[in-house]
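Thanks, everyone. Let me put the structure on the screen, and then we'll walk through it.

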Amino acid sequence: LTLLVVVQSIACSKGGDSTTAPTGPTVDVYTPGNTFSPYSLSIQKGTTVRFNIFGENHNVIFDRTVSGAPSDINVVKDIIVSRQFTSAGTFSYLCTVHPGMTGQIVVM
């Protein structure tokens, strides 16, 4: 069990995934089928978004033309990955595994 915890910690630190409890407000995005739900969120700066990626393999690739976008989420399955949004703006994202699977987060 100890080895598993160490391996998970190393894997998460390389991908920038959060395994600790987020500070501040937290909201969830889910992946029912090949969609992000909700498609669009409006949040305040400092909010953490938890991407609940279950069922199929998905990734979350953020538009890099907007300054302050968080790091992408590589292809994963059956996991919750958190990203904190600290800059105002509209952050569009997509899943490159499933064409047409898109979403956006508006940070005020």
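Start with β2 and β8. These two strands pair in the parallel sense, over four bridges. Pick one bridge: I43 has V107 in β8 as its partner. Keep in mind that this is a predicted model.

Stay on β2 for a moment. Which way do its side chains point? They alternate. L41 and I43 point to one face and are buried. S40 and S42 point to the other face and are not buried. That fits the usual pattern: in a regular strand, side chains alternate between the two faces of the sheet.

Now zoom out to the sheet. It is open, it has five strands, and the order is β2-β8-β7-β4-β5. The pairing is mixed. At the edges sit β2, residues 40–43, and β5, residues 73–76, and each of them pairs on one side only. On average, neighbouring strands here are turned by 20 degrees against each other, ignoring direction.

Go to the β5 edge. Strand β4, residues 58–62, is joined to β5 by two bridges, and the two run antiparallel. There, V60 has I73 in β5 as its bridge partner.

Next, the core. The largest nonpolar core has 20 residues. Which of them touch the most other members? They are V49, F51, V60, F62, F85, Y93 and I105. So far we have met V60 as a bridge partner of I73; here V60 turns up again in the core. Who supplies the core? β2, β3, β4, β5, β6, β7 and β8 each give at least two residues. β3 gives the most, with three.

On to the rings. There are six aromatic pairs in the count. Take F36 and Y93. Their centres are 4.8 Å apart and their planes stand at 75 degrees, so this pair is edge-to-face. The pair links distant parts of the chain. F36 is in the loop between β1 and β2, Y93 is in strand β7, and they are 57 residues apart. Buried or exposed, these two? F36 is buried, at 4% relative accessible area. Y93 is buried as well, at 3%.

A second pair: F62 and F85. This one is also edge-to-face, with 5.9 Å centre to centre and 65 degrees between the planes. F62 lies in strand β4 and F85 in strand β6, so the pair ties together parts 23 residues apart in sequence. Both F62 and F85 are buried. Then look at the wider picture: ring pairs link F36, F51, F62, F85, F91 and Y93 into a cluster.

Two backbone details. First, S37 and P38 are joined by a cis peptide bond, with omega about 0 degrees. P38 is in the loop between β1 and β2. Second, D78. D78 is not a glycine, but its phi is positive, about 55 degrees. D78 sits in the loop between β5 and β6, and D78 is partly exposed, with a relative accessible area of 46%.

Last, confidence. How far does the prediction trust itself? Mean pLDDT for the chain is 84, and 79% of the residues reach 70 or more. Residues 1–20 are another matter: pLDDT stays under 50 there. For that stretch, the model has 10 contacts beyond four places in sequence.

That's my tour. Questions, please.

Conventions: Residues are numbered from 1 along each chain as its sequence is written. This is a predicted model: local features need pLDDT of at least 70, side-chain atom pairs count only at pLDDT 80 or more; totals for chains, interfaces and linings use all residues. Side-chain values use heavy atoms; hydrogens and water are left out. Two strands pair if DSSP finds at least two bridges between them. Axes are lines fitted to C-alpha atoms, for helices over the stretch in contact, and angles run from 0 to 180 degrees between N-to-C directions. pLDDT is the predictor's confidence in each residue, from 0 to 100. Contact means heavy atoms within 4.5 Å. Rings of Phe, Tyr and Trp (its six-membered ring) pair if their centres lie within 6.5 Å; planes under 30 degrees apart count as stacked, over 60 as edge-to-face and the rest as tilted. Buried means under 20% relative accessible area, exposed over 50%, partly exposed in between (1.4 Å probe, protein chains only). A nonpolar core is a set of buried Ala, Val, Leu, Ile, Met, Phe, Trp, Tyr and Cys residues joined through side-chain atoms within 4.5 Å.
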